[in-house]
Every structure is written in structure tokens, then in C-alpha cells.
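Reader: I should like a close look at a single part of this model, namely the helical chain and the way two of its helices pack. Please set that part in its context as well.

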Amino acid sequence: MTSIFRRGSALHSLAAPYALDALELREHKRFEKHLKHCDSCAAEVRALREDAVRLAWSTAAPAPAALRDRVLLAVRTTPQEPAAAQPAPAPSSQAARARAERPPSRARRSAFSPFLIPLASTTAAAALVVAALFGMQASRTQDQLNEERAQARDIAHVLAAPDARAGTGRDANGQGIGVVASASRHTAVVTSAGLGTPSNERVHQLWLMRPEEKPRSLGLLDGDTPLLATGLETDATSLAVTVEPSGGSPQPTTAPVVQLALESLGFGE
Amino acid sequence: MEADELLVLVAGGDQKAFEDLYGLVSGPVFGLVRRVVRDPAQSEEVAQEVLLELWRTAGRYDPGRGTALSWVLTLAHRRAVDRVRSARAAGERELRMARRANGPAFDHVAEEVEAGLEREWVRRCLDRLTALQRQSVTLAYYDGYTYREVAERLSLPLGTVKTRMRDGLTRLRDCLGGVA
């Protein structure tokens, strides 16, 4: 390994700056291209990377609680990429068992290394939205697309609100809804968390409950697609989901399967 | 369960495993991102991107290539550096002001955090580097400067900075060797 570096191609000397993420984008790309054809450089870079990561040891700090809520909620609706490569022998039997239990993936041997992950061009919030609204549906008319894009923007807006808070409502089986709401923007994004679809062509309908008011329909929950609920009054007390006949009802006809109090999300104050 | 095993489960779509993984890595990820990005709101945003990216791309983790924590922190560092560079490109001046505004609060919080042995060891080992090695490594890793920018700041030739970075990292390895 060392002899190659002693010969001193200019590219090789970039291994340390590369390991520290200290290359400009252009050089970074050039070096990664080079890495694909140079096994000994890859080993050297891996070792230097491990060294660099040790510098991170001294920086750990507790993450804000709200971050956890947002990430775990987003994970529910964010699809995963198929595995890029067959992993090497497992470090433990437990991991091996877990891997064996995985459904056969569309694994392919690829040139991807852990260092070659494309730059993130979207925020986590946008990723959630893009995944839920565009990722799973193939063909769309332009009008539908425009409408969905507008909704995606609105959803991103809620997630980015300074007072955005997350909560979940669950039934006895642990299934229910995930909600991110902003009282100041009178808006909430509601996603199904394992509610599934009721049988007999019935639907899940979402309701807003307020003191001394009849429940108001906020729309139908359609699979994993996030529902954007707007115009939420700040005195609202809870969200409720009922099972209704196809197309929904003007007023709930059954008892709620899930109810979520909005107080912890900044409403009712 | 260790992060390595959890990542494998996460790659198979296991949300519970992701919650456990979150518990293990969110502190290191958030701390590292905040060290590089400084601005609290932006740090939270970048950390969120990174943690969600872990979920999406867990299948790319290859245990043969290194530990899970190292994979995670490499990703986090990369994203943090991307953010701080685009922020710098957008306005050197605003950034300096933001740093001044957030600096004391950050140090204060950092002091409160449970330190742990590693923190102490890293500091001790950094102290053993020559000043130029230490500055080359920390300006790049903790402050997100490219080696060209580091060379400029330290008034050193490019070649010297590259060598100092390599020597600095190797010396850290020797010093921290038995601690991992």
C-alpha cells in the first residue's frame, strides 16, 4: 500500500483530505473515480476515514426530543432504497440470521462504496413528501401532478413551521394515525400508521372535534398518502377517525377507531 | 443490540430497529453536525436529513467495510460539510455573525454534555500532534474547510497541508489505537 503512495501520484496525496471531506466537489469526484480502480487506495482511504471518524467521538450531544418525533414519523412514509451490494460476512451470528430472514433483495454488485452516497438535494421534510406523493404512483396527468405539487409545498410548509409538533393516536392494536400539526398555521399533516383499509368498500374518514361544535370532516384517509388538513381552529380539541360508507359521511355514523387529543400539539390554548 | 446488527434489520424495513438505532446514533450524529454547522436550527435540519437518509439507504451499509457507527458518522460529516460550505458560499459575513451569536451558547451546552472517556482521549491525542498537524486536521474536520482553504489560512503550500493532514490522522490512529 505504502509503495504506491511513495511513487507519489498527485491523486494519491488526496487520500487524507478526502478522508476529512476536505476536497472541493470537482476533486472529490475525480478522486472517487480513481478509487474505483485502485484497491490499495480504497484500503488506505478506509483506514484514514476510520481515523477521521474518531474526531467525531468528542462531539456527541443529546439530540432535541422534537427531532426524534419528526424523524420517526417521517420514516413511516419514506420508502427505502433496495440494497446496493451483498454485504460481507457478518460480524455476528445474530446479524447473519437477520440478514438471512430478509426477503430476497434486488441486490446487485455495484461500485457503490459507503463514501459514494449522492448529495442530498432535499430536506427530510421534502423527502417525506416526495416519497409519499410521487414515489409510489406511476402515471399522472399534468393537472394531477400540479395539484399534488401544490399539496407537497403546503405539507413542507407545515413541517417547517416553528411550532410544528408531532403526535400519534393509536387504537388498542397499536395502529392509528401520525400527525404533524402547526397551530399557528392552522394546519396538520395526517398519515395512516397501519390503519389499513376497512373492508366492504368502506373508508376511513378524519374529523375535527371542537367544544360545542359538531364534528367537521377533514377528508378521507387514502392508504399511506398524507392528508393535509387546513383551517384548523386553535380551539380544536381532537382529531378522530371513523369508518364510514364509501365516499364518506356528512357526520360520523360510527364510534371513532382512533382519537388523538390536540392539546399536546399546541391547540386548545 | 449493536448498531451493526440494527442497520441490517433497518435495511429490511424494521421500524422498531430504526427506533433503537436512533437511540444509539442520534447523539453522535447531532453532536457532530452541530460542531460543524454551528447554527442550532440548521444543525437540527441537517441531522434530520442524515437520520432519514440512514433509513432510506441502510441497505448500502456493508459490515465488511467498517463499523456501522463509522459509516453513519461519515455520512453525517459529509452532509454537515456540504451545508456549511453552501452557507459560506451564500455569505461569509452572515455566517461569521451567526457564529458569534451562537458561539457562547454552543460551548455552554457542550460543556454540560456528559463528556465520556472518548472526549478526553481525543483531546489528549490532538494535543500530541504538532500545531500544524492539529490545525490542518481540525480546520478541515471540525470547521469544514477544504485543504486549499486550510492552506490559505495557515499560509502553507498545498503539498504541506496534505502531508500534515495525513501525518496528523496517522498519529491520531497510533494514539487512539487501543481505545476503540
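Author: The account below begins with the chain as a whole, proceeds to its helices, and ends with a sheet in the other chain.

The model is a predicted one. The secondary structure of chain B consists of nine helices and zero strands, and read from the N terminus the order of elements is α-α-α-α-α-α-α-α-α. Chain B has 180 residues, of which 46% count as buried. Among the contacts in chain B with a separation of 6 or more, 62% are made by residues 24 or more positions apart.

Helix α1 of chain B covers residues 3-11, and nine of its nine residues are buried, so this helix is largely enclosed by the rest of the structure. The buried residues include B:Leu6, B:Leu7, B:Val8, B:Leu9 and B:Val10; B:Asp4 and B:Glu5 are also on the list. Just after α1(B), B:Gly13 adopts a positive phi of about 90°.

The packed pair is formed by helix α3 (residues 40-57) and helix α4 (residues 68-90) of chain B. Two packed helices are described by the angle between their axes and the distance between the axes. Here the angle is about 140° and the axes are 10 Å apart. Angles over 145 degrees would count as roughly antiparallel; α3(B) and α4(B) are therefore oblique to each other. The crossing of α3(B) past α4(B) is right-handed. On the side of α3(B), the contact is made by B:Gln42, B:Val46, B:Glu49, B:Val50, B:Glu53 and B:Leu54. On the side of α4(B), B:Val72, B:Leu75, B:Ala76, B:Arg79, B:Ala80 and B:Arg83 take part. Sorted by class, this contact of α3(B) with α4(B) comprises seven nonpolar, one polar and four charged residues.

Chain A offers a sheet for consideration beside these helices. Four strands of chain A form an open sheet in the order β5-β4-β7-β8, with antiparallel pairing. Strands β5 (216-221) and β8 (258-261) of chain A stand at the edges with a single partner strand each, so one side of each has no neighbour in the sheet. On average, neighbouring strands of this sheet are turned by 25° against each other, direction ignored. Within the sheet, strand β4 (residues 203-209) and strand β7 (residues 238-244) of chain A run antiparallel and are joined by seven bridges. A:Trp207 stands opposite A:Ala240 in β7(A).

Notes. Residues are numbered from 1 along each chain as its sequence is written. Chains are lettered from A and ligands numbered from 1 in the order in which they are written. This is a predicted model: local features need pLDDT of at least 70, side-chain atom pairs count only at pLDDT 80 or more; totals for chains, interfaces and linings use all residues. Two strands pair if DSSP finds at least two bridges between them. Helices (H or I, at least four residues) and strands (E, at least two) are DSSP runs, numbered from the N terminus. Axes are lines fitted to C-alpha atoms, for helices over the stretch in contact, and angles run from 0 to 180 degrees between N-to-C directions. A residue is buried if 20 or more other C-beta atoms lie within 10 Å of its own, exposed if 12 or fewer, and partly exposed in between; C-beta atoms are placed from the backbone. Angles under 35 degrees count as roughly parallel, over 145 as roughly antiparallel, 65 to 115 as roughly perpendicular and the rest as oblique. A crossing is left-handed if the near helix is turned anticlockwise from the far one by less than a right angle, and right-handed if clockwise. Two residues are in contact if their C-beta atoms, placed from the backbone, lie within 7 Å. Ala, Val, Leu, Ile, Met, Phe, Trp, Tyr, Cys and Pro count as nonpolar, Asp, Glu, Lys and Arg as charged, and the others, Gly among them, as polar.
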